[in-house]
Amino acid sequence: MQPGLYHILFISAALFFIGVYGFFTRRNLITMLMSIELILNSVNLNFIAFNKYLWPEKMDGLFFTVFIIAIAAAEAAVAIAIIINLYRSHHSIDVEQAEELKN
Amino acid sequence: MLTGSVIIFYLLAALTLACGVLSVTTRHIFRAAIYLLFSLIGIAGIYFWLQYEFIAAVQIVVYAGGIAVLIIFSIFLTQQAGNKLPAQTNQRKIFALLAAFCGFALTMLQVYQHEFYLSAFPTGSVSIHAIGEQMLNVDQSGYALPFEVISMLLLAAMIGCIVIALRIKNQTEENPPVTGNSES
């Protein structure tokens, strides 16, 4: 079967919910960050697929993807800075250990 | 019909999804990062397959080259190598799987019921020239303003990272630290 829009939407939805599963089950901050990266990638794939198959004469989906990639890079850098700072003060990056704001 | 292009698409899809699943299920954190890297490379391959070479190149440079390396370095800084992550409780796994599967089923149901108006003329690759011209265009269809906003955001994120991860060493009584969020 010739792959088309629906195939790419299937991949994208599957990748999104793989990321959601990882985000629910993982308790380590770095692995949760990896799950978020998977989710963002599935969104990018969706934008590109819609741009390619529905509006091929425009380039808006492409620009959205470029901007999402830039924001994801900034987000990952800030998140890793926070994780390293948390590791310095708590010697652990498990989310169950970081509960100082709880009371 | 099973042409080379179709086979390549299915191989890339299988690589992406299999590495994604392994990345969120393996208990070795370093292997999880490597599987994530291969999943991102698979997505870049799908962009190549869709003939969006510019996005594929950006994906490889930023994700495979930047974010994956950043994650691997932070693993080296915060984990003892070779240690396994603690196992999750079965209850949490089951509920997460249930939530993910129900969401996936609902989404795919919506997608297959929806009638997309596919364009009759899917074009080939987009030229870099056209991308650059529209990105820095100040007309109604241009993206000059978001481009500038993103550049400010990247600058702010860079400064923010330095401030957060800064370790203040010579901390004396007469020179208290000015930043409030560094606890060292």
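This is a short tour of a two-chain predicted model, chain by chain and then across the contact.

**Before you start**

Residues count from 1 along each chain as its sequence is written, while chains are lettered from A and ligands numbered from 1 in the order in which they are written. The model is predicted: local features need pLDDT of at least 70, side-chain atom pairs count only at pLDDT 80 or more, and totals for chains, interfaces and linings use all residues.

**Stop 1: chain A**

Select chain A. Its secondary structure comes to three helices and zero strands. Helices (H or I, at least four residues) and strands (E, at least two) are DSSP runs, numbered from the N terminus. Along the sequence the pattern reads α-α-α. The radius of gyration of chain A is 17 Å, well over the 13 Å that the globule rule gives for 103 residues, so chain A is more spread out than a compact globule. That radius is taken over C-alpha atoms, and the globule rule is 2.2 Å times the number of residues to the power 0.38. Along the principal axes, the C-alpha atoms of chain A fill a box of roughly 50 × 25 × 20 Å.

Colour by burial next. Of the 103 residues of chain A, 50% count as buried. A residue is buried if 20 or more other C-beta atoms lie within 10 Å of its own, exposed if 12 or fewer, and partly exposed in between, with C-beta atoms placed from the backbone.

Now the contacts. Two residues are in contact if their C-beta atoms, placed from the backbone, lie within 7 Å. Among contacts in chain A between residues at least 6 apart in sequence, 49% join residues at least 24 apart.

**Stop 2: helices 2 and 3 of chain A**

Select A 29-53, helix 2 of chain A, together with helix 3 of chain A. Their axes come within 9 Å and cross at roughly 175°. Axes are lines fitted to C-alpha atoms, for helices over the stretch in contact, and angles run from 0 to 180 degrees between N-to-C directions. That makes helix 2 of chain A roughly antiparallel to helix 3 of chain A. Angles under 35 degrees count as roughly parallel, over 145 as roughly antiparallel, 65 to 115 as roughly perpendicular and the rest as oblique.

Show side chains at the contact. From helix 2 of chain A, look for residues including A:Leu33, A:Leu40 and A:Phe47. From helix 3 of chain A, A:Phe64, A:Ile68 and A:Ala72 are among them. The residues of this contact divide into 16 nonpolar, four polar and two charged. Here Ala, Val, Leu, Ile, Met, Phe, Trp, Tyr, Cys and Pro count as nonpolar, Asp, Glu, Lys and Arg as charged, and the others, Gly among them, as polar.

**Stop 3: chain B**

Switch to chain B. It has six helices and zero strands, in the order α-α-α-α-α-α. Of its 184 residues, 20% count as buried. Residues 24 or more positions apart account for 44% of the contacts in chain B with a separation of 6 or more.

Colour the domains. The assignment, whose bounds come from an automatic or database source, gives domain 1 (1-85) and domain 2 (127-170 + 178-184) of chain B. Their centres, taken over C-alpha atoms, are 25 Å apart.

**Stop 4: helices 2 and 3 of chain B**

Zoom in on this pair. Helix 2 and helix 3 of chain B pack at about 175°, with axes 8 Å apart. That makes helix 2 of chain B roughly antiparallel to helix 3 of chain B. B:Leu37, B:Leu40 and B:Ala44 are among the helix 2 residues here. Helix 3 of chain B brings residues including B:Ile60, B:Ala64 and B:Ile71. The split is 20 nonpolar, one polar and one charged.

Go to the loop between helix 2 and helix 3 of chain B and pick B:Gln51. Its phi is near 65°, a positive value in a residue other than glycine. B:Gln51 has 13 C-beta neighbours inside 10 Å, so it counts as partly exposed.

Step on to B:Ala57 in helix 3 of chain B. With 14 C-beta neighbours inside 10 Å, B:Ala57 is also partly exposed. Draw a C-alpha to C-alpha distance from B:Ala57 to B:Tyr47: 8.9 Å, at 10 residues apart in sequence.

**Stop 5: where the chains meet**

Show both chains. The contact takes 69 residues from chain B and 58 residues from chain A. Helix 3 of chain B gives the largest share of the chain B side, 12 residues. That side divides into 50 nonpolar, 16 polar and three charged residues.

Finish on A 60-90, helix 3 of chain A, and helix 3 of chain B. Their axes come within 11 Å and cross at roughly 5°. That makes helix 3 of chain A roughly parallel to helix 3 of chain B. Select A:Ile69, A:Ala73 and A:Ile80, among the chain A residues of this contact. Add B:Val62, B:Gly66 and B:Leu70, among those of chain B. By class, this contact has 16 nonpolar, five polar and no charged residues.
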